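Student: I've got a model open and want to talk through the fold. Can you take me through it?
Tutor: Yes, put it up.

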Amino acid sequence: MIIYDEFKKIELKIGDVKEASRVEGSEKLLKLAIEVGEPSSRQIIAGIGKVYEPEMLVGKQIVIVA
């Protein structure tokens with residue numbers, strides 16, 4: 001369990017998915033290239049590959065914990 005003082009330090013950001021692809025050898029991992037606010041990209045790995053196809057995510061906005 002997390003206490004409130006720690007929780008309020010968490011920063012949630014909205015990011016645009018620019019690229020998405022499957023991680024080789026995994027059924028559930030997707031590699032996402034995300035643009036968050038300023039023109040800098042982040043690369044994240046998400047365990048959502050059993051629910052979403054990579055093509056479905058490109059152009060969508062997602063919430064990330066930064």
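Tutor: One definition before the sheet: two strands pair if DSSP finds at least two bridges between them. Also, this is a predicted model.

Student: Fine. In what order do the strands of the sheet come?
Tutor: The order is β3-β2-β1-β4, in an open sheet of four strands with antiparallel pairing. β3 (41-46) and β4 (61-65) are the edge strands, each pairing on one side only. On average, neighbouring strands are turned by 45 degrees against each other, direction ignored.

Student: And what pattern does the protein follow along the sequence?
Tutor: α-β-β-β-α-β. That comes to two helices and four strands.

Student: How many bridges join β1 to β4?
Tutor: Five, with β1 (residues 12-22) and β4 running antiparallel. Within that pairing, Ile14 stands opposite Val63 in β4.

Student: How many between β1 and β2, then?
Tutor: Seven, again in the antiparallel sense. Here Asp16 of the pairing stands opposite Glu35 in β2.

Student: Which residue in β3 is the bridge partner of Glu35?
Tutor: Ser41. The β2 and β3 pairing is antiparallel over six bridges.

Student: What do β2 and β3 form, and how many residues lie between them?
Tutor: They form a hairpin with four residues between them. Gly37, in the turn, has a positive phi of about 60 degrees.

Student: Is β2 mostly covered or mostly exposed?
Tutor: Strand β2 (residues 30-36) is mostly covered, with five of its seven residues buried. For the protein as a whole, 20% of the 66 residues count as buried.

Student: Back to Ile14. Why does it count as partly exposed?
Tutor: Because its relative accessibility is 48%, and partly exposed covers the range between under 20%, which is buried, and over 50%, which is exposed. Ile14 sits in strand β1.

Student: Which residues form the nonpolar patch on the surface?
Tutor: Ile2, Tyr4, Phe7, Ile10, Leu12, Ile14, Val63 and Val65, with about 850 Å² of accessible area together. So both Ile14 and Val63, which stand opposite each other, belong to the patch.

Student: Which elements give two or more residues to it?
Tutor: α1 (4-7), β1 and β4.

Student: Last topic, overall numbers. What area does the protein expose?
Tutor: About 5200 Å², of which carbon and sulfur atoms supply 54%. The C-alpha trace spans about 40 × 30 × 15 Å along its principal axes.

Student: And what share of the contacts with a separation of 6 or more comes from residues 24 or more positions apart?
Tutor: 40%.

Key. Residues numbered from 1 in each chain as written. Predicted model: local features only at pLDDT ≥ 70, side-chain atom pairs only at ≥ 80, totals over all residues. Heavy atoms only, no water. Axes fitted to C-alpha atoms, helices over the stretch in contact; angles between N-to-C directions. Patch = residues over 30% accessible without salt bridge, like charges linked within 9 Å, V, L, I, M, F, W, Y side chains within 5 Å. Areas by Shrake-Rupley, 256 points an atom, 1.4 Å probe, with all protein chains shown as cover. Salt bridge = Lys/Arg side-chain N within 4 Å of Asp/Glu carboxyl O. Buried < 20%, exposed > 50% of the residue type's maximum accessible area, 1.4 Å probe, protein only. Contact = heavy atoms within 4.5 Å.
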